[in-house]
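Biologist: Walk me through this model, please. I would like to go through the salt bridges, then the contact between the chains.

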Amino acid sequence: MAFRYKLEILALVTIIAFCIIFFYTNSTMNGADFTGTDTIVAAKISESAGSSERNISPLIPQWVPPSGEIESTLFALQAAAGGFLIGIVFGYWIGQKKQNS
Amino acid sequence: MDRKTRPGEYMHIMEGFLPWQWCLIWWLVALPCLIYGVYQLKKVLAADREALPLLGVTGGFIFLLSSLKLPNPVGTCSHPTGTGLSAICFGPWITAVICTIVLLFQSLMLAHGGLSTLGANIVSMGIVGPFVGYMVYRLLKDSTINIYLTVFLVTALADLSTYVITSFQLALGSIHPVSGDMGSAFIIYLGIFAIPQISIAILEGIVLSLVFKYIIVLKPEILIRLNIFSEEKVCTSRDET
């Protein structure tokens, strides 16, 4: 039988490589502040328009999370919803598989 | 208008950064696709109730992955899309419906992307990205290329093309052009959005093909029944790993 965990190993190696690249960039690159790519685009557009981002008014008024903490809570909520769905389905499938065999 | 600016506040195309004409155009492109997606979703679920768990797991990965902002080698952050799995299993139109739920949540609760630019964001993340992935899947589905490589290519390219399309949308018409002509604006946006995304797309592709392995191990019947991959191909992949 061939080695069964090729994909697992490959995924693990990729994740580790990804982390190493991150730590390397973080420690060697000056000015790497890991802001969102869209923040950079937003700044570029406002810069070329010759005004600050604050002056760009939304077309449709928008609720903005009052702090980074509230924002991260809501993001965690989104990830948790995804994780919940994934977990419940894999659990359901494992149960079905057990019952069938 | 009181508008706080913090690093990492924006994701997708930001509210107020597209003129209303373009917002309207992207909404008009997105709406028919969404309506068709809802129709297809009803049809798929009515035909086979066992499709619902598969929809849950593929949709779950869109929820999960699009909330993770990952660092890339040029020192910025962006998120994977996670739309590839759903594009393989259900096609781009149903994927667009799931993406709309995620994007609506992010624009209402997180101020990441706005309601006026939602149409444009649905087109990039929900329609064109998954559509590119779906085309790759259709091309490779019956070829000799194994399932895991197919899933890797589909998910990575769905992710990457989303960012290419976002660049294209901004180059076509944002509230203020960043460059004299559209071509060089497109290249500027590609440099910010798409090039750094390559490493994240590769990571997403590998992780999601691993996820697909577990779907094959646990529930191969559903993949065969929904005619996602041929029985022969599913069986060989199951024996391989």
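**Salt bridges and the chain contact**

Modeller: In a salt bridge, the side chains of Glu50(B) and Lys219(B) meet at 3.4 Å, N to O. The term stands for a side-chain nitrogen of Lys or Arg within 4 Å of a carboxyl oxygen of Asp or Glu. This is a predicted model, in which local features need pLDDT of at least 70 and side-chain atom pairs pLDDT 80 or more, while totals for chains, interfaces and linings use all residues. Residues are numbered from 1 along each chain as its sequence is written, chains are lettered from A and ligands numbered from 1 in the order in which they are written, and side-chain values use heavy atoms, with hydrogens and water left out.

Biologist: How many residues apart in sequence are the parts that Glu50(B) and Lys219(B) tie together?

Modeller: Glu50(B) sits in the loop between α1 and α2 of chain B. Lys219(B) sits in the loop between α6 and α7 of chain B. Helices (H or I, at least four residues) and strands (E, at least two) are DSSP runs, numbered from the N terminus. The pair therefore ties together parts that lie 169 residues apart.

Biologist: Is Lys219(B) buried or exposed?

Modeller: Buried means under 20% relative accessible area, exposed over 50%, and partly exposed in between (1.4 Å probe, protein chains only). Glu50(B) has 19% and is buried. Lys219(B) has a relative accessible area of 7%, so Lys219(B) is buried.

Biologist: Which residue is linked with Glu50(B) and Lys219(B) in a network of salt bridges?

Modeller: Glu50(B) and Lys219(B) form a salt bridge. Their network also includes Glu221(B).

Biologist: Which residue meets Arg225(B) in a salt bridge?

Modeller: The N to O distance is 2.9 Å. Arg225(B) is in helix α7 (residues 220-225) of chain B, and its partner is in the loop between α1 (20-47) and α2 (51-65), 177 residues apart. Arg225(B) is partly exposed at 49%, whereas the partner is buried at 13%. That partner is Asp48(B).

Biologist: Which residue of chain B forms a salt bridge with Glu8(A)?

Modeller: The structure holds four salt bridges over all chains. Glu8(A) lies in helix α1 of chain A and its partner in helix α6 (residues 182-218) of chain B, so the pair joins two chains. Glu8(A) is buried at 17%, and the partner is buried at 4%. The closest N and O atoms are 3.0 Å apart, and the partner is Lys213(B).

Biologist: How many residue pairs are in polar contact between chain A and chain B?

Modeller: The count of salt bridges between the two chains is one. A polar contact is a pair of N or O atoms within 3.5 Å; within protein, one must be able to donate a hydrogen and the other to accept it, and residues adjacent in sequence count only if both atoms are side-chain atoms. With both residues at pLDDT 80 or more, the number of pairs is 17.

Biologist: What is the area buried between chain A and chain B?

Modeller: Contact means heavy atoms within 4.5 Å; 60 residues of chain A are in contact with 82 residues of chain B. Buried area is the accessible area (1.4 Å probe) that two parts lose on being put together, summed over both. Carbon and sulfur atoms give 71% of a total of about 6300 Å².

Biologist: Which three residues supply 11% of the area that chain A buries against chain B?

Modeller: No other three residues of chain A supply more. They are Phe18(A), Gln78(A) and Trp93(A).

Biologist: Which strands stand at the edges of the open sheet?

Modeller: Two strands pair if DSSP finds at least two bridges between them. Two bridges join β1(A) to β2 (residues 76-78) of chain B, running parallel. The order is β1(A)-β2(B)-β1(B), with mixed pairing. Each edge strand has a single partner, so one side is left without a neighbour in the sheet: these are β1 of chain A and β1 (70-71) of chain B.
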